[in-house]
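Me: I am new to this structure. Please walk me through a few of its features, with short answers.

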Amino acid sequence: MTQYLDFEKPLSEIEGKAEELRAMARADDKIDVSKEAGQLDVKARDMLTTLYKGLTPWQKAQVARHADRPHCKDYIEALFTDWTPLAGDRNFADDHAIMGGLARMDGRSVMVIGHEKGHDTRTRIERNFGMARPEGYRKAIRLMEMADRFGLPVVTLIDTPGAYPGKGAEERGQSEAIARSTQTCLRLGVPLISVIVGEGGSGGAVAFATANRVAMLEHSIYSVISPEGCASILWKDADKMREAAEALRLTAQDLLKLGVIDRIVPEPLGGAHRDRTATLNSVGQAISALLGEFDGQDADAIRTARRKKFLGMGAKGLAA
């Protein structure tokens with residue numbers, strides 16, 4: 001059953017009426033509603049096209065957070081073979097908000113690391129809603145260093161509101177773990193490809209996205225802070241999240257213009273949650289293409305290009 005966002009309420013009424021007609025036809029096969037239902041389908045599709053053609057940054061944030069979007073586990077199951085999960089930071093614990101392990105993609109061995117939000121109440125609690133603790137970032141560091149040692153490209157899938165801000169996480173060195181994860185990304189001599197598939201929130205995302213190539217799904221977001229958090233700080237009013245979303249320049253389209261990301265991965269009409277299979281395939285094609293850009297390059301060239309990219313970031317300025 002489709003979960004409609006606030007701005008999709010007019011669409012929900014039309015699609016609901018079409019489904020009511022089809023339910024009547026299923027209950028009585030003498031009733032023919034195909035013409036009326038078809039007309040409503042056309043009207044709904046036109047409305048969906050109009051809605052998604054002009055999404056505001058806040059509406060994109062809502063789409064990026066939609067509960068039915070594919071998550072890290074879905075991408076791993078669909079795009080990779082021979083998945084071998086690796087657990088623990090060899091220091092404190094295994095953080096279930098972070099998935100990581102060895103896999104193959106198109107016959108190429110890779111290390112895959114990503115945030116997993118969960119898909120229902122139980123798994124969301126188990127995964128801490130994709131908010132990693134220090135042990136999650138230290139696990140990622142361990143896996144990235146392993147990949148570097150064995151010459152394996154690293155693929156990161158990012159979908160987090162940010163790192164977990166709890167007392168225990170702070171006691172165990174949350175900021176230090178994020179900083180070291182970012183530093184490890186910069187040191188790698190193997191290609192690092194990052195895809196923001198939902199939310200890319202704060203340092204919790206940057207710790208995985210300091211990459212040779214960063215791609216974003218069309219309706220995903222990437223920002224130093226959430227719109228609500230920004231509004232609370234600047235205006236002391238979380239209800240100003242729409243204004244904050246505009247100011248943050250957090251959409252894939254803005255970030256491509258600013259040179260923060262390298263590629264936008266198109267989503268199906270209505271967002272990734274409306275056609276998960278098409279979304280998974282699009283992300284898979286993007287990852288394969290981006291990995292292919294580094295075929296034949298040595299470690300020094302890969303490392304130097306990554307550092308040069310980030311040292312030059314911001315040169316375009318906000319006027320871009």
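Me: At what angle do helix 8 and helix 9 pack, and are they roughly parallel or oblique to each other?
Reply: This is a predicted model. In it, helix 8 covers residues 174-187 and helix 9 covers residues 202-209. Their axes lie 7 Å apart, at an angle of about 25°. Angles under 35 degrees count as roughly parallel, so helix 8 and helix 9 are roughly parallel.

Me: Which residues of helix 9 are met by helix 8?
Reply: Helix 8 brings Ile 178, Ser 181, Thr 182 and Cys 185 to this contact. By class, the contact has 5 nonpolar, 4 polar and no charged residues. On the side of helix 9, the residues met are Gly 203, Gly 204, Val 206, Ala 207 and Phe 208.

Me: What is the handedness of the crossing of helix 8 and helix 9, left-handed or right-handed?
Reply: The axes of helix 8 and helix 9 make an angle of about 25°. Their crossing is left-handed.

Me: How are helix 8 and helix 14 oriented to each other?
Reply: Helix 14 spans residues 299-311. Its axis and that of helix 8 come within 8 Å and cross at roughly 125°. That angle falls outside the ranges for roughly parallel, roughly antiparallel and roughly perpendicular. Helix 8 and helix 14 are therefore oblique.

Me: How many charged residues does the contact of helix 8 with helix 14 have?
Reply: Helix 8 offers Cys 185, Leu 186 and Arg 187. Helix 14 offers Arg 303, Arg 306, Arg 307 and Phe 310. Arg counts as charged. By class, the contact has 3 nonpolar and no polar residues, and its charged residues number 4.

Me: Is Lys 236 buried or exposed?
Reply: Lys 236 sits in the loop between helix 10 (227-234) and helix 11 (241-248). It has a positive phi of about 55°, although it is not a glycine. Most residues other than glycine have a negative phi. The relative accessibility of Lys 236 is 71%, and over 50% counts as exposed, so Lys 236 is exposed.

Me: What is the phi of Arg 249?
Reply: Arg 249 is in the loop between helix 11 and helix 12 (252-258). Arg 249 is not a glycine, yet its phi is positive, at about 55°.

Me: Which residues does Gln 62 touch, not counting residues up to four places away in sequence?
Reply: Gln 62 lies in helix 3, residues 57-64. At 14% relative accessibility it falls under the 20% cut-off, so Gln 62 counts as buried. Beyond four places away in sequence, Gln 62 touches Leu 5, Asp 6 and Phe 7.

Key: Residues are numbered from 1 along each chain as its sequence is written. This is a predicted model: local features need pLDDT of at least 70, side-chain atom pairs count only at pLDDT 80 or more; totals for chains, interfaces and linings use all residues. Side-chain values use heavy atoms; hydrogens and water are left out. Axes are lines fitted to C-alpha atoms, for helices over the stretch in contact, and angles run from 0 to 180 degrees between N-to-C directions. Helices (H or I, at least four residues) and strands (E, at least two) are DSSP runs, numbered from the N terminus. Angles under 35 degrees count as roughly parallel, over 145 as roughly antiparallel, 65 to 115 as roughly perpendicular and the rest as oblique. A crossing is left-handed if the near helix is turned anticlockwise from the far one by less than a right angle, and right-handed if clockwise. Contact means heavy atoms within 4.5 Å. Buried means under 20% relative accessible area, exposed over 50%, partly exposed in between (1.4 Å probe, protein chains only).
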